[in-house]
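Let's walk through this model together, starting with how far to trust it and ending with a single residue.

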Amino acid sequence: MLLNIKNLHVAINGKEIIKGFNLGVNYGEVHAIMGPNGTGKSTLAAAITGREGYEITKGVIEYKGRDITELTPDQRANEGIFLSFQYPVEIPGVSMINFIRTALNAQRAYKGHDPVKPAEFLKIMEEKKKLVDIQTRLTKRSVNEGFSGGEKKKNEIFQMAMLNPQLGILDETDSGLDIDALKVVARGVNSLRSDKNAFIVITHYQRLLDYIIPDFVHVMWDGRIVKSGGKGLALQLEEKGYEWVKELVEE
Amino acid sequence: MKTIQKHNRLQSSLLSSFPQRVKEVDNHSAISVLRQKAFEKLKTTGLPGNKDERWRNSLLTAIFDREFLLQTKAEPYQKSINELFECEIYNFHAEIISMLNGHYYAKDPDNLRELDNGVLTGSILTAQKNLPELFDKHFGRIGDYGQDGLTAANTAFFSDGIFVYVPDGVEVRDALQLIKMVNKTGNPFVVSRNLIILGKSSKLVFMHCDDSINHLSAFINTFTEIFVDENASLELYKMQNLNDETALLNNTFIRQEKDSSSKVNVITLNGGKIRNEINVDLQGEGAVTNLNGVYLMDKSQQIDNQVYINHLAPHCDSKTIFKGVLDDQATGIFNGYIFVERDAQKTNAFQQNNNILMTSDARVDTMPFLEIYADDVKCSHGATVGQLDEKARFYMMQRGISSEDARLLLMNAFTSEVTSKIGIEPLRISIEDMIKKRLRGELSICDRCVLHCSVPDKPVEF
């Protein structure tokens, strides 16, 4: 199993947000996590990636068979965990190229590899840019600076393609995307799917799951999973709304 | 009414030593007349104290009670400063002008050196003797010795200084680089005064480097007047890499005539207490100035930048951007003054100061002062004090970049807004390299020139 989260409890400023969360993800699988706003979906992503201020009060996050809750965010990234941010951060003064190269070389160094050669780096970049239609004018700019909402999301997938993680977490990647951009992003993700990696797709709406077909759908409510099923569950949810989940919980 | 500060040690010894001092220097010249006036000024105002508005948060005043060595003699010339102190910038050649302990330091110090096209460099004292007409036309007319007690003390006591003259129409090919060093025990008060004259439509790149080559303490008081005649262009770099025991007061007065331009870059990498006062008089219509500053301070260092832009004629542009990082208990002051004269219509003035505080003990005081008497002007200013962007840092770490590297990348990005404007490519690369080294903590021992980056360490001896 690639990821095994057991009885996870996460608090922010002493307030418990995740309350007994369990999830197992195997290589080659795509898991969708759905749920209304404020139910802890993004908190889950933050806890897996080790963001400061998200305190794990109970439970474990096992990744490749070991608990990673003590690892720093960069160590977790170097172990192959990638988060596509809901709100990608603008970093004025740091060029996209410098950023990606620094990240790639950090990950290579972690694995004991030499830095990538400039020519090779450019070749990889050209190849991956095509995957999500990233224009050269964007890679020459500062990270995310002046990018449109759609460009920022494409840029996340582009970075994911460059770093080739084993666990990709997509946090509300569909928010703020028009249908064409959504298709491009989904195509990018699908082309990266293999039996050597897995994805967790966090989304509010079923729409994205028309293009990134999940193997499992989980419904989150008040900090834990209340219902799991196949891809059909997303459609059911779309049809019946989150009120239906509320009723399920109350039963 | 202004109250005179309680006499401190430095002030007392300046006052008592002046009669002797004035005997030693040239008589009946423009210099000695001004010395006497400046001394009277010093006597009445005294050295500045923290009650003076312009010196309110300054830590420099705290050193006035120390014992200083006032008399400094010129060192006999032994070998070129290049042999003592190598400064190489890859792909960049500069003509070196050296000063040691406040004295012009050259093989032939009593003559002016003539470079191509009639460009002259040398000691300010020699210039006064050899070129009295040109000298008197500018000396003491650009900078105000009476600004405060320290500028007065400078004029009354300066031992020497450098003189540069660029004739009309001459574009100086190589940059001139002034390397100033102090190598003297006993806590010297090193006082020098410079005069730089750019003729009409001339062009000069001038680098003013203050470096320490040891850990000896000193108080350096420098006063520089620069005249930029019509249509001339000045590019001035102030590089400061001093030890923690050194205090530096750097007064720079620039006067610009019609359609002239100046670009000033102040790079402060290290130093105990550094105060830069830059005063630009935009005297002629259409004059343009760009002032950029970067400062990186830590431990209990203090950086104090006082920028005065005086728009005295219509259609002048000024743009000031100072950015700094303060770590540990370091403190910073930025006071930005923009003065717009009544006739200076169509003025365009911009001022910005941004600071990053790395710790809760670091502190910065930043204040804009705008005084505008014209009604058709565009003036804007902004200041920020903040921490490193933690969201950006997490974003980088999530991609595998270590916390430390993320911090360095962010700080470097912060300063690059200023350094990216340096037009001379090899210089920009060198300065950015030095800033990176400084941010990585590799410049903590400041026994080398600020641009001394591609050369292995060399022992320095006199």
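Below are notes on confidence, on each chain in turn, and on one core position.

## How confident is the prediction?

Keep in mind that this is a predicted model. For the complex, the predictor reports an ipTM of 0.97 and a pTM of 0.86.

Chain B comes out with a mean pLDDT of 89, and 91% of its residues reach 70 or more. Among its elements, strand β5 (residues 162–166) of chain B has the highest confidence, at a mean of 98, while helix α3 (residues 81–84) of chain B has the lowest, at 63. Then there's the stretch to be wary of: over residues 444–462 of chain B, pLDDT stays under 50. The model still gives that stretch 52 contacts beyond four places in sequence.

## Chain B

Chain B has 9 helices and 20 strands. Its radius of gyration is 21 Å, close to the 23 Å from the globule rule for 462 residues, so chain B is as compact as a globular protein of that length. Along the principal axes, its C-alpha trace spans about 70 × 55 × 50 Å.

Of those 462 residues, 62% count as buried. Take the contacts between residues at least 6 apart in sequence, and 84% of them join residues at least 24 apart. On the outside, chain B exposes about 17900 Å², with carbon and sulfur atoms supplying 47% of that. The charge tally is 51 positive and 61 negative side chains, and the centres of the two sets sit 3 Å apart.

## Chain A

Chain A brings 9 helices and 12 strands. Its radius of gyration of 18 Å agrees with what a compact globule of 251 residues would have, and its C-alpha atoms fill a box of roughly 60 × 40 × 35 Å.

Buried residues account for 52% of chain A. Of its contacts between residues at least 6 apart in sequence, 70% link residues at least 24 apart. The chain exposes about 11200 Å², and 48% of this comes from carbon and sulfur atoms. Positive and negative side chains number 33 each, with the centres of the two sets 5 Å apart.

## Zooming in on A:Ile169

Is A:Ile169 buried or exposed? With a relative accessible area of 1%, A:Ile169 is buried, because the cut-off for that is under 20%. It sits in strand β9 (residues 167–171) of chain A.

Which residues does A:Ile169 touch, leaving out those up to four places away in sequence? The list is A:Ala45, A:Ile48, A:Thr49, A:Ile81, A:Phe82, A:Leu83, A:Ser84, A:Ile200 and A:Ile202. As for A:Val201, it is 32 residues from A:Ile169 in sequence but 6.0 Å away in space, C-alpha to C-alpha.

Methods:
Residues numbered from 1 in each chain as written. Chains lettered and ligands numbered in written order. Predicted model: local features only at pLDDT ≥ 70, side-chain atom pairs only at ≥ 80, totals over all residues. Heavy atoms only, no water. pLDDT = per-residue confidence, 0-100. Helix = DSSP H or I, 4+ residues; strand = E, 2+ residues; numbered from the N terminus. Contact = heavy atoms within 4.5 Å. Rg over C-alpha atoms; globule rule 2.2 N^0.38 Å. Buried < 20%, exposed > 50% of the residue type's maximum accessible area, 1.4 Å probe, protein only. Areas by Shrake-Rupley, 256 points an atom, 1.4 Å probe, with all protein chains shown as cover. Lys, Arg positive; Asp, Glu negative; His and termini not counted. Charge placed at Lys NZ, Arg CZ, Asp CG, Glu CD.
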